[in-house]
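Visitor: I would like a close look at a single part of this model, followed by an account of how its surroundings are put together. Please take the time to connect the pieces.

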Amino acid sequence: MKSSSAPVEPDKGHYYHLPSASERQNETRQVKNKSTTSETASVRRRIPRINKYVLAAAVLASTNSILLGYDIGVMSGAVLYIRDNLEITSAQVEILVGCLNVCSLIGSLASGKTSDWIGRRYTIVLAAATFLIGALLMGLAPSFPFLMAGRVVAGIGVGYSLMIGPVYTAELSPALSRGFLSSLPEVFINIGILLGYISNYALSSLPENINWRLMLGLAALPAVAVAVGVIIMPESPRWLVMKGRFLEAEQVLIKTSDGGAEEAKLRLNEMAKAASYVGQEPPSTSNWRGEGVWKELLLHPSPSTRRILIAAIGVNFFMQASGNDAVVYYSPEVFKDAGIHNRKQLVGVTIIMGLGKTFFGLISALSLDRFGRRPMLLLGSAGMTVSLAALGLCSLYLQKSNTKPVWAIAVCIVGICADVSFFSIGLGPVTWVYSSEIFPMRLRAQGSSLAISVNRVVSGIVAMTFLSVSEAITFGGMFFVLAGIMALGTIFFYCFLPETKGKSLEEIEILFEDKLPRNTGEILHS
């Protein structure tokens, strides 16, 4: 007769012994003693060692984010030619630009349930395939309605990719390098934006009926790369644990843990405990598909779950309410209002902005595991507040000035570049990291999808109203409104977002079990 203390790994028919509490404590001491020297050296250097296998998987998962970045960058220039070629109005331009963000709500809402059902890895493939179809539809669009159809399909793919990339990476990554690896989606978004700007510049000299179609159609290439690369990607070990597939999870952990089999076993024990399998026999089948999670999140949340929801939804709301995506989408319009009218120059200035955004995004990603999430977030949001206020003042000056002095135009360019750079330092990478790591294992996929759905709704609303509101209150007035929003965001981040640097996903939930202000202070002074 099989012992109930040796749970069956259902899909493979093997046994996996989950040790008692005393055994786990002994293993913890052994692993900690063996790794003390290397961990101390790592802390001294402040540069955590990154497992190459995890890095490769994280890069492939984050490649999906290039698709959103490329669309943001390329649409800023492509829309200039689409407006002329298809003879569409300003209102249609806003709908065309913003509909991708609104439709991504569908993908982000569905992604949590989908990934709990089919797994993280195949959800990444689904995201890439959906965007591929959308990119082809946009590139071949003969009319505005056809182009809109492509934007809708691509938007659904974007919604899937924005949720699943950070969640997959967070669940695969060791605690000490999770900040960098989980922020890679933002790095790839910035790279995509830069590639979009370069595409605009390189293709702008082609005929108007060809150039914008090529600009949009080229987005299909990264989607193909992701679909091919998924062959070498492992499944998330935490998803495997939730399915009761312990042996497969342990094999993945051995590859992703620098401490070898012992560290892998320790991490597996923590995951099993978080999944409520310790001391119990896992389900005889792997039929759990995320049932009951929405009820636990929205109808009967525990106090800690409620605090997690406030933090995750809040950081996603302010990420898009900051207006960053709209500023990038409509940067040529802003520069045109400032006094730059040559289309080649407009596109050239956006390349400079893209370079700054990409550079600071990479710097922030490399710093998150060294300085922590909170300092980078507070620095970035405070910097955005100051940059937007300065940009508002300069825009109002140019509006009331009969001439367009070069210094004022230069200040506007620097202000926009500073705004998007500070976004890449703080809100850009930290939002993805935070959203993917603070939810408990069972709630992570669908909790993240809910938070990112708010992200997408706010992004769509801002993108579809930015020009109309700016026409009503001027660009200067719009920048003052955004500066006020970011000032409120900075206060929110300080009060409600505790530090999560260096903690395992299983430990992070504890941060939200007490009142945040006290807990946050303890963490900051530790």
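Visitor: In which loop is Glu87 found?

Guide: This is a predicted model, and in it Glu87 is found in the loop between α3 (64–86) and α4. The backbone there deserves attention, since phi of Glu87 is near 55°, a positive value in a residue other than glycine. For context, most residues other than glycine have a negative phi. Glu87 counts as exposed because its relative accessible area is 69%, and exposed is the word used for values over 50%. A positive phi is also found at Thr474, where the angle is about 75° although Thr474 is not a glycine; this residue, however, is found in helix α22.

From the loop one can follow α4, which covers residues 90–118, to a patch on the surface. Trp117 lies in helix α4, and together with Ile118, Tyr122 and Leu126 it forms a nonpolar patch with about 390 Å² of accessible area. The elements that give two or more residues to this patch are α4 and α5, the latter spanning 120–139. Trp117 itself has a relative accessible area of 48% and is therefore classed as partly exposed, a class that lies between the buried limit of 20% and the exposed limit of 50%.

Beside Trp117 in the sequence is a charged residue with another setting: the side chains of Asp116 and Arg120 meet in a salt bridge, with 2.9 Å from N to O, and both Asp116 and Arg120 are buried. In general, side chains of opposite charge can pair when their charged atoms come close. A second pair is formed by Arg444 and Glu171, whose side chains meet in a salt bridge at 3.2 Å, again N to O. That pair links distant parts of the chain, with Arg444 in helix α22 (residues 444–496) and Glu171 in helix α6 (residues 144–172), 273 residues apart. Arg444 has a relative accessible area of 1% and so is buried, while Glu171, at 0%, is buried as well.

Arg373 forms a salt bridge with Glu437, and the closest N and O atoms of this pair are 3.1 Å apart. Here too distant parts of the chain are linked, Arg373 being in helix α19 (residues 373–400) and Glu437 in helix α21 (residues 427–437), with the two positions 64 residues apart in numbering. Arg373 counts as buried because its relative accessibility is 1%, and Glu437 counts as buried because its value is 0%. As for shared partners, salt bridges join Asp116, Arg120, Glu171 and Arg444 into one network. A search of the whole structure finds nine salt bridges, among them the pairs described here.

The nonpolar interior completes the picture. The largest nonpolar core has 143 residues, and those with the most contacts inside it are Ile82, Leu147, Trp212, Leu427, Ile438, Phe466 and Phe479. Helix α22 gives the largest share of this core, 16 residues, and α22 is also the helix that holds Arg444 and Thr474. Leu147 shows how such contacts are arranged: leaving aside residues up to four places away in sequence, Leu147 touches Ile82, Leu86, Leu96, Met138, Ala141, Trp212 and Leu216. Of these partners, Leu86 leads back to the starting point, as α3 covers 64–86 and the loop with Glu87 lies between α3 and α4.

Technical notes. Residues are numbered from 1 along each chain as its sequence is written. This is a predicted model: local features need pLDDT of at least 70, side-chain atom pairs count only at pLDDT 80 or more; totals for chains, interfaces and linings use all residues. Side-chain values use heavy atoms; hydrogens and water are left out. Patches are made of residues with over 30% relative accessible area and no salt bridge: like charges are joined within 9 Å, nonpolar side chains (Val, Leu, Ile, Met, Phe, Trp, Tyr) within 5 Å. Accessible areas come from the Shrake-Rupley method with a 1.4 Å probe; for residues, only the protein chains shown count as cover. A salt bridge is a side-chain nitrogen of Lys or Arg within 4 Å of a carboxyl oxygen of Asp or Glu. Helices (H or I, at least four residues) and strands (E, at least two) are DSSP runs, numbered from the N terminus. Buried means under 20% relative accessible area, exposed over 50%, partly exposed in between (1.4 Å probe, protein chains only). A nonpolar core is a set of buried Ala, Val, Leu, Ile, Met, Phe, Trp, Tyr and Cys residues joined through side-chain atoms within 4.5 Å. Contact means heavy atoms within 4.5 Å.
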